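Visitor: I'm new to this one and would love a close look at a single part. Could you walk me through how the aromatic rings sit together?

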Amino acid sequence: MDFWPEFLANSWGKEFVAGGFGGVAGIISGYPLDTLRIRQQQNSNSGSALSILRRVIAAEGPGALYRGMGAPLASVTFQNAMVFQIYAILSRAFDSSVSVNDPPSYKCVALGGVGTGALQSLMLCPVELIKIRLQLQDKSHEKTPQINCHKGPISVARSILRTEGFKGIYRGFSITALRDAPAHGFYFWTYEYMREQLHPGCRKNGQESLRTMLIAGGLAGVASWVCCYPLDVIKTRLQAQTSSSPQKYNGILDCLSRSVKEEGYSVLWRGLGTAVARAFVVNGAIFSAYEIALRCLFNNGSIQTENTI
């Protein structure tokens, strides 16, 4: 696959649909692991991912692992398509001297990723806020007041707007942008670098195998999470706060200092193993689905890839 000429050609609709397929595949394949990660980050006594998995299934059923998936799925088509297209435009804007038939330099790839991550935070912050609130909602306790139980993302959004106002929808925006900007820089740089290492020349001729896509995409996802994981822990804790939460943080630095003071520096890496496993699976699925969709949409042969798995 070669992103560059396709993004800049008259094929926006096909790219949008393909990006949507990739995003949906990523959400469905990795959402249970994401739920386990969120629960690990929020509660210091939650235990390992395996123990949380057993407890959730026993108390709430397998469906609890997919609670809150509606919000990401509802926005993932637009979000994923726009991320790839914004990235393609920005990565070339930083180096206008590169021919349209040649890929951008690695430096411009990283800068384009940073800009893309910062811009997508505007769309991602409300989605992740709603998702986190639903993922942390425990329906296994009958004594929980009904007012705190939400049936879906719309219910959560209405509750936030009613109790916290429009500002509440963007709770955690600063930390989301701080996380996503460098993470996307690492993500796209690692992906482009690794696929070229695994299949020399593929950045220009777009002839890499699906195996290359899976491995390069998976490693890119891992790299992006490792570089920003402590920020993600802080983001989860800030966005998990509600108007009735017993613990209140007065911003990013307060949350960081209090979390480390109370639980040690290891709290900043809690759930990393789950996040890394999810990142590899999700990003492999995203790029694979994206590739398959492009082959179907461009069945006239304008996109060529090797059949080797």
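Guide: Here is a walk through the ring pairs, with a little of their surroundings.

Keep in mind that this is a predicted model. For some background, the protein chain has 11 helices and zero strands. Of its 309 residues, 53% count as buried. Among contacts between residues at least 6 apart in sequence, 77% join residues at least 24 apart.

Now to the rings. A pair of aromatic rings is described by the distance of the centres and the angle of the planes. The structure holds 10 aromatic pairs, and one of them is formed by tyrosine 106 and tyrosine 193. Their ring centres are 5.9 Å apart and their planes meet at 65°. Planes over 60 degrees apart count as edge-to-face, so that is the label this pair gets. Where do the two tyrosines come from? Tyrosine 106 belongs to helix 5 (residues 106-135), while tyrosine 193 belongs to helix 7 (residues 173-198), so the pair ties together parts that are 87 residues apart in sequence. Tyrosine 106 is partly exposed, at 26% relative accessible area. Tyrosine 193 is also partly exposed, with a value of 31%.

For another pair, look at tryptophan 225 and tyrosine 229. Their ring centres lie 6.2 Å apart with the planes at 55°, so this pair is tilted. Both residues are in helix 9 (residues 210-240), four residues apart, which puts about one helical turn between them. An α-helix has 3.6 residues a turn, so residues three or four places apart point the same way. How covered are these two? Residues under 20% relative accessible area count as buried: tryptophan 225 is buried at 12%, and tyrosine 229 is buried at 0%.

Rings can also join up in a group: Tyr87, Tyr187 and Phe188 are linked into a cluster by ring pairs.

Before you go, stay a moment with helix 9, since it has a packing partner. The buried residues of helix 10 pack against helix 9. Those buried residues of helix 10 are Asp254, Cys255, Ser259 and Val260. Helix 10 (residues 252-263) has 12 residues and reaches 16 Å from its first C-alpha to its last, close to the 16 Å expected. After helix 10 comes glycine 264, with a positive phi near 85°.

Note on methods: Residues numbered from 1 in each chain as written. Predicted model: local features only at pLDDT ≥ 70, side-chain atom pairs only at ≥ 80, totals over all residues. Heavy atoms only, no water. Phe/Tyr/Trp six-rings, centres within 6.5 Å; stacked < 30°, edge-to-face > 60°. Buried < 20%, exposed > 50% of the residue type's maximum accessible area, 1.4 Å probe, protein only. Expected span 1.5 Å × (residues − 1). Contact = heavy atoms within 4.5 Å.
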